[in-house]
Amino acid sequence: MQRREFLKTMASAGMCSMLCSSCSFSPDNIDKNVVGSKFLYKSKADLPTKINLEACSLCQLNCPACFIRLNEENIKKQEGFGYLRFKDFKKLVNDNPQIKEIELANHGEIFLNPELDKIIKYAYKKKITLTANLGVNMNTLSDEMAEILVKYKFSAMTVSIDGATPDVYKIYRRGGDLNKVIANVKKINEFKKKYNSEFPKMFYKFIIFNHNIDDILPAKKLAKELEMILFFVCNNQPSYAPLSAEQKIRAEKLSGIKLEDTGEKYLLENYKSKKSVWFPCQDLFLSPQIDWNGKLLGCCSSQISTFDVNVFEDGLLKALNHQNVLYAKQMVTDLSTPPKKEIFCSECYIYKALKEEKYEMFSDRKLI
């Protein structure tokens, strides 16, 4: 999933809420001359209770504006594609009993991970809430996995559909089959009835393109039939299937949402006006993003660049106390801090927007 698309999705749909601000940073016995040292964690008990841990970077679809398709060669050169191993998951949660919630979706399709069943069962055993709110395409789902999702109370997931008819669906979700998606959703619903369970809660995500406007009303009907929560998102890739002025007016009328600007402008305006309490840089503090192979990405806006530290090898405490992570936190909370070239936040469009606006992100939120 595209990062800017996700940011707009979570803000506009109200699916990302600020977690409690009880994370404590203990600066005892720290060199006060080290920039960012006030953010250093004293012990595992102080670490975030939520993490974003990518279950799989592989995907069977070929969506034209997808990040992994646009950057496939670059990804192969830097780290390649793969999936989260159960042994790494088990060790991570055993070593970090403070973790209570894990988001498993990121760039790829979680259901292509052959060890996902073990991960879900173990998370249930450890009383850890699992979500896939960043998105799944659900073109691949076995009967066994459908039952596991329900039986072991997988909390919630967003299914990216962007249409209501097979012909429209496959225009963007290339290689996908809407009939398979619908069958898989129904499969899950059958097990929800069998186990008398509300989990997993399923969201129906519809990105509005110039080719799927006529599917907006049918999508409302289909979502109701599938017992899913439907939400609309505007297309944040202006080079792909853009709406004309007339189409925009019609799409807004049919969907019932206003197709605002996306990206940094949207995020800043919503955060400043307090329409949203969430901002992507907060992932560094509240729910750090970890790649399938253990590399620390830091936030949900990071796509490939990492902090050159591995959570599986070094441990979560040491990784989050890495000097570059501490410095990055200093950069986003104190904009007078000089950016460092080796820290990818320096080139991030969100950080640049913060600098341009001279806006202190946490100034009135009392997060830290």
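In the predicted model, Phe206 has Phe232 of strand 6 as its bridge partner. The two strands concerned, strand 5 (residues 201-208) and strand 6, are paired in the parallel sense over six bridges. Together with helix 9 (residues 216-225), strand 5 and strand 6 form a β-α-β unit, and this unit is right-handed.

Strands 5 and 6 belong to an open sheet of eight strands, in which the order is 6-5-4-3-2-1-7-8 and the pairing is mixed. Strand 6 (229-234) and strand 8 are the edge strands, each pairing on one side only. Elsewhere in the sheet, strand 1 (residues 50-53) is paired with strand 2 (residues 101-103) in the parallel sense, over three bridges. Within strand 2, Glu103 is the bridge partner of Asn52.

Asn52 is also linked to strand 7 (residues 289-290), the strand in which Gln289 lies. The side chains of Gln289 and Asn52 make a polar contact at 3.5 Å. Gln289 has a relative accessible area of 0% and is therefore classed as buried, the cut-off being under 20%. With neighbours within four places in sequence left aside, the contacts of Gln289 include Asn52, Leu53 and Glu54, as well as Asn106. Gln289 is further in contact with Lys295, Leu296, Leu297, Gly298, Cys299 and Cys300.

Strand 8 (296-298) is in turn one of the elements against which the buried residues of helix 15 pack. The others are helix 12 (283-286), helix 14 (316-320) and helix 16 (349-357). Helix 15 (residues 323-333) is mostly covered, with ten of its eleven residues buried. The buried residues are Asn324, Val325, Leu326, Tyr327 and Ala328, followed by Lys329, Gln330, Met331, Val332 and Thr333.

A further buried position is found in helix 5 (residues 116-125), which contains Ile120. The relative accessible area of Ile120 is 1%, so this residue also falls in the buried class, under 20%. Residues up to four places away in sequence not being counted, Ile120 touches Leu130, Met145, Ile148, Leu149, Tyr152 and Phe154. For one of these, Leu149, the separation from Ile120 is 29 residues in sequence, while the C-alpha to C-alpha distance is 7.6 Å.

Note on methods:
Residues are numbered from 1 along each chain as its sequence is written. This is a predicted model: local features need pLDDT of at least 70, side-chain atom pairs count only at pLDDT 80 or more; totals for chains, interfaces and linings use all residues. Side-chain values use heavy atoms; hydrogens and water are left out. Helices (H or I, at least four residues) and strands (E, at least two) are DSSP runs, numbered from the N terminus. Buried means under 20% relative accessible area, exposed over 50%, partly exposed in between (1.4 Å probe, protein chains only). A polar contact is a pair of N or O atoms within 3.5 Å; within protein, one must be able to donate a hydrogen and the other to accept it, and residues adjacent in sequence count only if both atoms are side-chain atoms. Contact means heavy atoms within 4.5 Å. Two strands pair if DSSP finds at least two bridges between them. A crossover is right-handed if, with the strands pointing away from the viewer, the path from the first strand over the helix to the second runs clockwise.
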